[in-house]
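The following exercises ask you to read strand order, pairing and core packing from a model. Work through each task before turning to its solution.

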Amino acid sequence: LANNKLSYPINYTDNTGPDISSFEFRWSSTGTYKTNQNTQFVYSVFDDIGVSGVDLYYSTDNEATWIIIATNIPITNGGWGNSYNWTIPSNTPLNNTFKVKIVAKDTTGNSSTRILGPYTIIDGSAPTVTITSPVSGDVWDLGSTHNITWTISTPNGVEGIDIRYNNGAMVDIIANLSTDPGSYSWTIPNS
């Protein structure tokens with residue numbers, strides 16, 4: 001007994017993996033993602049001894065195999081609200097079995113895992129648009145009506161089309177279309 005204090009040695013063995021209190025895969029409200037799409041993982045991880053880092057993976061075959069996104073990502077912000085930005089690779093197979101996984105590790109070698117999904121992956125290639133009318137050299141008089149025509153090649157369909165006219169001083173919107181009719185009848189303003 002020294003200074004009226006007693007000391008007893010305590011042995012503590014940590015057998016519990018970190019607590020992954022939240023894990024989100026962001027920027028799709030529908031569960032559908034595109035190749036080449038920028039995404040973000042947001043996660044909060046805690047441990048009684050200390051978190052050594054997290055690993056992120058994705059699977060395109062319903063968890064049969066996992067592909068590394070990043071490993072040993074340090075935990076900041078006291079464990080709250082950590083994030084990691086990632087672009088879905090262009091060669092990701094198009095399917096509806098896409099999943100993401102976080103593995104959190106503590107300093108004693110324990111780990112915890114959370115998996116999200118399945119999500120749908122669609123082709124993120126930009127549409128190809130060819131304007132077929134007017135063509136270079138066409139002269140359209142003020143007040144006249146002409147068809148603007150085009151063709152579109154896209155792997156995922158058309159969500160909308162904006163037709164715009166650049167009059168040299170500013171860009172005017174001619175039409176906002178929710179489908180692809182392939183043409184639009186336009187009467188050229190007199191001014």
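For what follows, two residues are in contact when heavy atoms of theirs lie within 4.5 Å. The model is a predicted one.

**Exercise 1.** Determine which residues F25 touches, leaving out those up to four places away in sequence, and then place F25 within the nonpolar cores.

*Solution.* Begin with the contacts: beyond the excluded sequence neighbours, F25 touches Y33, T39, Q40, F41, W86, I88, F98, V100, L116 and Y119. Next, consider the largest nonpolar core, which has 22 residues and in which F23, F25, F41 and V100 have the most contacts. Then ask where the core residues come from: β1 (19-26), β3 (38-46), β4 (51-59), β5, β7 and β8 each give two or more, and the largest share, four residues, is that of β7. Finally, another core lies apart from this one; it has nine residues, including I148, I161, I174 and W186.

**Exercise 2.** Establish the order of the five-stranded open sheet and explain why β2 and β5 each have one side without a neighbour in the sheet.

*Solution.* The order of the strands is β2-β8-β7-β4-β5, with mixed pairing. Because β2 (32-34) and β5 (67-73) stand at the edges and each has a single partner strand, one side of each is left without a neighbour in the sheet. From one strand to the next, the twist averages 30°. Within this order, β7 (residues 98-106) and β8 (residues 111-122) run antiparallel and are joined by seven bridges; as one example of the register, V103 has T113 in β8 as its bridge partner.

**Exercise 3.** Is K34 buried, partly exposed or exposed, and which residues does it contact beyond four places in sequence?

*Solution.* K34 belongs to strand β2. Its relative accessibility is 36%, and because the partly exposed class lies between the limits of 20% and 50%, K34 counts as partly exposed. Outside its neighbours within four places in sequence, K34 contacts I88, I122, D123, G124 and E159. The C-alpha atoms of K34 and T92 are 9.2 Å apart, although 58 residues separate the two in sequence.

**Exercise 4.** Describe the three-stranded open sheet and find the bridge partner of H146 in β13.

*Solution.* This sheet has the order β9-β10-β13 and antiparallel pairing. Its edge strands, β9 (128-133) and β13 (183-187), pair on one side only, and neighbouring strands are turned against each other by 25° on average, direction ignored. Five bridges pair β10 (residues 145-153) with β13 in the antiparallel sense, and the partner of H146 is W186. W186 is also among the residues of the nine-residue core.

Key: Residues numbered from 1 in each chain as written. Predicted model: local features only at pLDDT ≥ 70, side-chain atom pairs only at ≥ 80, totals over all residues. Heavy atoms only, no water. Pairing = 2+ DSSP bridges. Axes fitted to C-alpha atoms, helices over the stretch in contact; angles between N-to-C directions. Buried < 20%, exposed > 50% of the residue type's maximum accessible area, 1.4 Å probe, protein only. Core = buried A, V, L, I, M, F, W, Y, C linked by side-chain atoms within 4.5 Å.
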